[in-house]
Amino acid sequence: MRFDLTQLGPDEFEELSQALAVAVLGGAVSVFGEGRDGGREATFEGQMRYPDPLPATGAWDGYGILQAKYKGHPTTTTADTDWFYGHVRDELRKWADDESSRVKRGRRPEYIVFTTNVTLSPDPGRGGIDRINELIRGYQGKIGLKGWAVWHRDQICAYLAVHDGVRRTYGGLIVVGDVLAEAQRALARLSAAQMPETDFSTLLTTHAAKELMAQQWVRLGQSGDPTNRKLMLSDVAIDLPAHGRFRRPRKGFQNPIVPGVIAHVIREGDTIRRPRPGRSAWPHLAILGGPGQGKTTLTQMLCQVYRVALLSDRPEHALGPEVPDLLAQYRRHLQRLRIPTPNCRRWPINVPLNEYADALAADGSLTLLRYISERVRTRSPINSIMLREWLREWPWLVVLDGLDEVASPEIRERMLSAVSDFYVDAAHLEADLLVVATTRPQGYRDEFAERIFDRLTLQPMEPSHALDYAGHLAKVRYNQDPDLKAEVEKRLRVAAAEPVTARLMRTPLQVTIMSLLLERRARAPQDRYGLFESYYNTLYDREIGKNTTVSRLLDDQRRNIDHLHERVGLLLQIRAEHAGEAESQLPEEELHRLARARLIAEEYSHEDAVRLATDLVHAATNRLVMLVGRDPGNIGFEVRSLQEVMAARALSAGGGDELLQRLKELAPSAHWRNTWLFAVSRLFARQEHLRDAMITLLQDIDSDGALATYLMPGARLAMEMLDEDITVGQPRYNKLLIRHALRLLDSYPGEAMTRLATVLNDASATDRQIDPIAHQIIDSKIAAGGRPALTAVDLLAAWADLPGPVSIKAKHRIARLRSAPPAALNDGLEHLRRFSPRPVWFDGRAVERPEPEPTAEVVERKLRAGDLPRAEQEKITAIVRRLAKGASDLTELVNSQRQDQLAAIGGELDIEQWPHGADLQQAVLHWYARQPVTAPSVVSLTQPSP
């Protein structure tokens with residue numbers, strides 16, 4: 001049986017060679033991991049079962065080594081033999097040289113096994129096998145060899161055919177031809193028992209083909225094209241850059257900037273991930289990105305890349321009439337994007353976590369594997385037992401998309417527990433599993449733990465990248481109208497050159513919307529809410545202009561249709577906080593009731609209200625501006641940000657006092673954060689008389705009890721408002737927000753200062769008044785001493801690590817502090833250096849940081865020094881332990897007295913205990929931000945009008 005060894009790569013070929021050595025030679029083989037190995041990938045000592053298991057007939061007995069030689073691109077047999085000959089000769093010379101470091105530091109082998117992925121000719125006397133054997137024989141006496149072996153490609157293939165465990169481990173990389181059919185042979189008996197009349201060898205292939213067809217469209221595609229023609233993923237999807245935080249970087253990859261997430265995941269996926277003794281598991285990947293940054297489209301494209309790879313060797317006639325053309329289109333697009341073809345052809349499955357959460361709310365025993373099998377069964381008759389065996393046999397890619405859309409704390413914890421159970425099941429099956437998870441950063445508390453997940457944080461699109469993407473969109477949309485294409489591209493270049501509008505082109509969603517708007521208007525909107533508002537109005541006007549029955553309905557009923565969009569957005573946003581309702585959909589019959597209630601409130605007759613409501617719901621099942629028919633019988637928004645902007649419009653109903661009350665009630669919630677920012681952006685753009693009241697509201701939020709004073713949610717919201725450019729072009733309010741955001745200097749060093757430094761750096765680049773204000777406040781905190789001074793220094797250090805001219809002052813200030821630290825801060829600064837990850841402290845030097853003790857133990861010690869009763873101390877310590885694990889469903893913390901106690905403890909930790917103070921504050925903040933909001937002023941908006 002022939003296997004393709006060229007897809008492995010040097011690391012995987014080395015590991016395969018080690019695995020074969022264990023299988024062929026015996027259990028006395030010791031393998032080496034990464035790093036300097038002294039010319040050895042493995043050693044063995046004692047009696048082997050090779051080349052004959054019987055000692056009397058020549059089994060090896062002594063000390064030996066394994067050396068692997070991998071060629072990435074084999075060519076001709078002659079050239080490959082010369083290449084291998086040279087490498088073997090070099091190794092033998094080193095072992096023969098008494099002065100070589102490997103001989104001085106170690107011992108010479110009595111036996112050597114050379115492995116290679118190249119083919120050696122067996123021609124007697126002239127072939128590669130005889131040439132290599134003759135070469136080794138010439139060094140036999142110099143080294144003291146008793147025996148040797150050369151395992152070239154043909155020999156390795158023969159061993160793989162015999163040793164099923166090794167072949168199965170590397171199957172995703174080495175099986176050639178019809179990869180799925182080859183791997184599925186192991187499942188044939190199971191298939192016959194489970195489904196006697198079904199050929200299981202084709203089920204997963206046809207499932208991949210059906211998914212390739214079903215997932216070929218981009219969300220927002222129907223509304224983003226001038227003719228409502230859908231946009232294909234293979235036309236417009238792009239790869240996106242990210243900042244990486246890596247637990248275990250791969251060889252040759254140390255840069256924290258990942259140019260393309262999809263390409264990076266594919267490289268990670270080409271690593272064998274089956275758990276093996278002596279090998280630590282490769283980390284999974286968590287992708288963090290804000291609203292509209294393209295997380296879902298990115299993972300949709302990633303799964304398509306793997307489906308293309310899986311189907312590449314299938315006969316075209318077995319794929320149906322449409323799939324071959326689609327495969328060719330994807331291959332062309334991937335080549336344009338420089339996205340590599342996966343060597344390890346993982347089977348991809350995408351799990352929308354909001355849908356899984358709803359299913360788990362209905363059935364608490366629903367495992368993730370059973371849920372996956374139910375999703376697969378909608379296109380192929382495969383059950384969970386068969387899928388479990390498939391997980392054992394073949395490499396998988398599992399995408400867990402949208403943790404942030406699961407707002408209910410109870411269901412969130414149950415779902416994460418089910419995901420953890422899935423990891424255990426996969427490990428038990430020795431599965432080759434790569435998990436890619438996505439979430440928004442708001443309210444995220446390391447649920448995808450850094451000890452098992454690398455973190456990729458999507459970066460804002462640079463203007464040049466945004467223009468490239470917009471140009472590609474224009475080419476797809478206006479390929480029949482070059483004049484319009486040129487005009488749109490010109491307007492986009494103008495928008496990208498202006499600092500204000502350039503910051504409205506930082507995500508794929510924003511660029512998509514901006515390019516659509518600039519088709520009809522010469523100048524771009526100037527604020528984030530205005531961007532989405534203009535988008536909605538453009539879509540509405542376009543639908544009206546079609547002169548159809550639906551367009552006339554839209555024109556006549558505009559106020560009522562606006563109302564429906566807003567109420568549906570608000571309803572779905574409210575319900576998503578509760579168990580079983582995370583997926584954003586509304587039954588048609590409920591939309592009918594909403595429409596009828598609205599029309600009756602507008603004093604339509606009952607008959608007219610029923611008729612018009614029926615017409616509106618009928619239009620919505622096709623497209624009612626932003627509302628679309630999703631699953632049969634359900635209505636929703638294609639993109640979550642569109643739902644949030646409509647919910648923000650609903651919040652703005654009524655007078656200013658009512659709006660401010662709603663914003664206050666929703667302020668703590670991470671689930672409502674994007675909606676909140678849309679509503680505030682609308683306030684600053686349309687309700688100028690409320691701007692001062694909004695600033696005062698932020699101050700009120702921070703003084704609303706001991707817990708709010710401790711967490712400072714208002715200061716964090718001020719930082720978010722600055723980051724969203726809500727007060728751009730309004731210098732007075734920019735400065736007020738800066739002053740309020742800098743109240744965070746009274747908290748702790750750490751992640752908050754990283755975010756605040758980025759916001760300050762960006763804001764100062766467009767408003768020169770901000771920089772001196774910020775440095776004045778920072779300097780005053782440093783002069784005053786104490787923990788705020790330490791936090792201010794950490795903010796400066798974070799700012800100094802950022803690129804751009806406005807960070808130069810922070811760099812100079814940090815340099816002075818390093819050379820001459822204030823006496824009052826000397827000890828604190830040393831402690832900050834020991835625990836801070838900021839490169840500016842270390843001048844590029846590697847620093848070994850101590851492992852801090854658990855925060856719960858620090859809190860427990862602090863409590864014992866106080867006067868609380870022992871039972872109360874134990875309860876608070878238990879709460880802190882659960883918070884440290886990311887728990888958000890803590891009924892004990894609903895007690896305001898406990899909240900006050902936690903706030904007091906956090907505020908009383910000593911300055912040198914800042915890592916624990918920061919950790920505790922972040923844990924409490926995570927709990928605080930994840931609590932469902934029961935806001936009467938918001939819920940009342942969903943009731944029928946009087």
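Let's start with Arg 131: its charged end sits over the ring of Tyr 85, 4.6 Å from the ring centre. Keep in mind, everyone, that this is a predicted model. There is another arrangement of this kind at Arg 528, whose charged end sits over the ring of Phe 678, with 4.2 Å to the centre.

While we are around there, have a look at Asp 527. Its C-alpha atom is separated by 7.1 Å from that of Asp 725, although the two positions lie 198 residues apart along the chain. Asp 725 belongs to the loop between helix H33, residues 713-723, and H34. Is Asp 725 buried or exposed? It is buried, with a relative accessible area of 15%.

Now to rings meeting rings. How many aromatic pairs does the structure hold? The count is 15. One of them is Trp 347 with Trp 396: the ring centres are 4.9 Å apart and the planes make an angle of 65°, so we call this pair edge-to-face. The pair links distant parts of the chain, as Trp 347 is in strand S9 (residues 347-352) and Trp 396 is in strand S10 (residues 396-401), 49 residues apart. Both partners are tucked away: Trp 347 is buried at 1% relative accessible area, and Trp 396 is buried at 0%.

Next, please turn to Phe 684 and Tyr 733. Why is this pair edge-to-face? Their planes stand at 80°, and anything over 60 degrees earns that label; the centres are 5.7 Å apart. Here helices are involved: Phe 684 lies in helix H30 (673-686) and Tyr 733 in helix H34 (731-741), so the pair ties together parts 49 residues apart in sequence. Phe 684 is buried, at 2% relative accessibility, and Tyr 733 is buried too, at 6%.

There is also a cluster to show you. Phe 44, Tyr 50, Trp 60, Tyr 111, Trp 151 and Tyr 159 together form one aromatic cluster.

Let's zoom out to finish. The protein chain has 44 helices and 15 strands. Its radius of gyration is 32 Å, which agrees with the value near 30 Å for a compact globule of 946 residues. Along the principal axes, the C-alpha atoms fill a box of roughly 100 × 75 × 60 Å. Of the 946 residues, 57% count as buried. Taking contacts between residues at least 6 apart in sequence, 71% join residues at least 24 apart. And the surface? The chain exposes about 38,700 Å², with carbon and sulfur atoms supplying 49% of that area.

Technical notes. Residues are numbered from 1 along each chain as its sequence is written. This is a predicted model: local features need pLDDT of at least 70, side-chain atom pairs count only at pLDDT 80 or more; totals for chains, interfaces and linings use all residues. Side-chain values use heavy atoms; hydrogens and water are left out. Rings of Phe, Tyr and Trp (its six-membered ring) pair if their centres lie within 6.5 Å; planes under 30 degrees apart count as stacked, over 60 as edge-to-face and the rest as tilted. Helices (H or I, at least four residues) and strands (E, at least two) are DSSP runs, numbered from the N terminus. Buried means under 20% relative accessible area, exposed over 50%, partly exposed in between (1.4 Å probe, protein chains only). A charge sits over a ring if NZ of Lys or CZ of Arg is within 6 Å of the ring centre and within 35 degrees of the ring normal. The radius of gyration is taken over C-alpha atoms; the globule rule is 2.2 Å times the number of residues to the power 0.38. Contact means heavy atoms within 4.5 Å. Accessible areas come from the Shrake-Rupley method with a 1.4 Å probe; for residues, only the protein chains shown count as cover.
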